[in-house]
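Here are a few notes to read alongside the model. I have kept them as numbered points, so you can follow each one in your viewer.

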Amino acid sequence: MKTPTISAISFIILVVFSCSAAALADDHEDFLDCLSEEFRNYSSISNLVYTPRNLSHSSVLLSSIWNLRFTSGSTPKPQVIITPEHESQIPTIIHCAEENDMEIRIRSAGHDFEGLSFVSKVPFVILDLIKISEVTVDAKAKTVWVGAGAILGAIYYRIAEKSPTLGFPAGFCPTVGAGGHISGGGYGPLMRKYGLAADNVIDARIVDVKGRILDRKSMGEDLFWAIRGGGGASFGVIVAWKLQLVDVPERVTVFTIHRTLQQNATILIHRWQYLAPRFDKYLLI
């Protein structure tokens with residue numbers, strides 16, 4: 001029996017890789033063909049679709065990756081990135097991805113250090129919600145609707161524009177996206193008094209796997225409960241949250257005390273664990 005030569009093995013590997021690349025390209029093209037057929041006016045979204053052929057594909061992909069481990073050449077890349085401008089565009093994207101056996105990864109602002117919103121082991125599409133970022137504040141009703149692509153800093157800014165005594169209990173970092181932050185719970189400096197961000201959600205809009213656009217009433221209380229802390233992408237594409245605003249003082253006090261290990265920092269932290277539950281609800285340490 002003859003032993004395969006190195007050149008023969010190399011040829012087989014090359015053929016396998018070529019076939020795999022061709023299959024990926026076919027999926028990519030079939031997905032785009034589906035979009036073209038399903039959208040009555042495909043030109044209206046063509047500028048929102050990025051493939052590796054687009055010069056801006058790489059910059060759009062990297063623009064919201066905060067964990068630089070996922071910027072390496074060995075990290076699986078999406079075949080297509082889409083940045084929809086309106087929730088009505090999303091059902092068709094879901095349909096075409098399903099028709100072509102492509103996963104959808106949903107990204108709001110990219111503070112996903114595990115890469116779950118922009119990496120997959122199978123052919124995939126990134127649905128980047130960066131353009132669904134409108135923030136509409138109703139100071140009289142003490143509510144705000146926020147797009148899933150809105151960042152926390154923008155939400156805080158828009159609330160402050162309307163009232164100096166209203167706030168929302170979410171995180172410290174201004175560049176975190178509302179979509180992932182709230183669906184994952186959302187802890188922050190006001191949680192001792194007002195709980196997590198998810199505790200203050202009073203409505204939401206989600207596109208499910210069937211392409212239906214649902215609010216709290218139409219999705220039902222079980223699903224509404226699940227998306228507030230259970231990870232929204234597990235159940236559909238959350239496009240907007242309606243949040244209950246809370247009362248805050250016009251002025252707060254913030255201070256920092258530094259302690260080193262030599263200054264018994266470990267003892268202080270140990271004692272803190274016993275005292276923290278007894279602190280006044282207005283105090284966060």
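**Notes on the predicted model**

1. Let me begin with one side chain: Tyr 187 counts as exposed, at 59% relative accessibility. You will find Tyr 187 in the loop between α6 and α7 (191–194). Tyr 187 also helps to make a nonpolar surface patch of about 510 Å², together with Phe 172, Met 191, Leu 196 and Leu 284. Please keep in mind throughout that this is a predicted model.

2. Now the overall picture. The protein chain has 285 residues, and 40% of them count as buried. There are 10 helices and 11 strands in the chain. Taken along the principal axes, the C-alpha atoms fill a box of roughly 80 × 55 × 35 Å. The accessible surface comes to about 17100 Å², with 57% of that belonging to carbon and sulfur atoms. As for contacts between residues at least 6 apart in sequence, 63% join residues at least 24 apart.

3. Next, the four-stranded sheet. This is an open sheet with the order β1-β2-β4-β3 and mixed pairing. Which strands stand at the edges? They are β1 (49–50) and β3 (103–107), each with a single partner strand, so one side of each has no neighbour in the sheet. As a reminder, strands of a sheet pair through backbone hydrogen bonds, either parallel or antiparallel. Here β3 and β4 (residues 124–128) run parallel and are joined by five bridges. One position to look at is Glu 103, whose bridge partner in β4 is Phe 124.

4. The β3 and β4 strands are also linked through side chains. Arg 107 and Asp 128 meet in a salt bridge, at 2.8 Å from N to O. Arg 107 lies in strand β3 and Asp 128 in strand β4, so the pair ties together parts that are 21 residues apart in sequence. Are these two residues buried or exposed? Both Arg 107 and Asp 128 are buried.

5. In total, the structure holds eight salt bridges. Another of them joins Arg 53 to Glu 29, with the closest N and O atoms 2.8 Å apart. This pair links distant parts of the chain: Arg 53 sits in the loop between β1 and α3 (57–62), and Glu 29 belongs to helix α1 (residues 6–38), 24 residues apart. Arg 53 is exposed, with a relative accessible area of 67%, whereas Glu 29 is partly exposed at 25%.

6. Helix α5 (residues 152–162) deserves a look from two sides. Leu 152, Ile 155 and Ile 159 are buried in this helix. Viewed down the axis of α5, the buried residues fall within an arc of 60°, so they line one face of the helix. What do they pack against? Their partners are β5 (135–138), β6 (143–147), β7 (166–167) and α6 (178–183).

7. Helix α5 also carries a salt bridge of its own, in which the side chains of Arg 158 and Glu 161 meet at 2.9 Å, N to O. Both residues lie in α5, three residues apart, which is about one turn of the helix. Arg 158 counts as partly exposed, at 38% relative accessibility, and Glu 161 is likewise partly exposed, with a relative accessible area of 47%.

8. Ser 183 is placed in helix α6. At 6% relative accessibility, Ser 183 counts as buried, since the cut-off for that class is under 20%. Leaving aside residues up to four places away in sequence, Ser 183 touches Ala 178, Ile 227, Arg 228, Gly 229, Gly 230, Gly 231, Gly 232, Ile 238 and Trp 241. The C-alpha atoms of Ser 183 and Val 119, 64 residues apart along the chain, are separated by 19 Å.

9. Finally, please look at Ile 269, which is found in helix α10 (residues 265–275). Is Ile 269 buried or exposed? At 52% relative accessibility, Ile 269 counts as exposed; the cut-off for that class is over 50%. The C-alpha atoms of Ile 269 and Ser 218 are separated by 47 Å, and the two residues are 51 apart along the chain.

Note on methods: Residues are numbered from 1 along each chain as its sequence is written. This is a predicted model: local features need pLDDT of at least 70, side-chain atom pairs count only at pLDDT 80 or more; totals for chains, interfaces and linings use all residues. Side-chain values use heavy atoms; hydrogens and water are left out. Buried means under 20% relative accessible area, exposed over 50%, partly exposed in between (1.4 Å probe, protein chains only). The arc is that of the directions from the helix axis to the C-beta atoms. Contact means heavy atoms within 4.5 Å. Patches are made of residues with over 30% relative accessible area and no salt bridge: like charges are joined within 9 Å, nonpolar side chains (Val, Leu, Ile, Met, Phe, Trp, Tyr) within 5 Å. Accessible areas come from the Shrake-Rupley method with a 1.4 Å probe; for residues, only the protein chains shown count as cover. A salt bridge is a side-chain nitrogen of Lys or Arg within 4 Å of a carboxyl oxygen of Asp or Glu. Two strands pair if DSSP finds at least two bridges between them.
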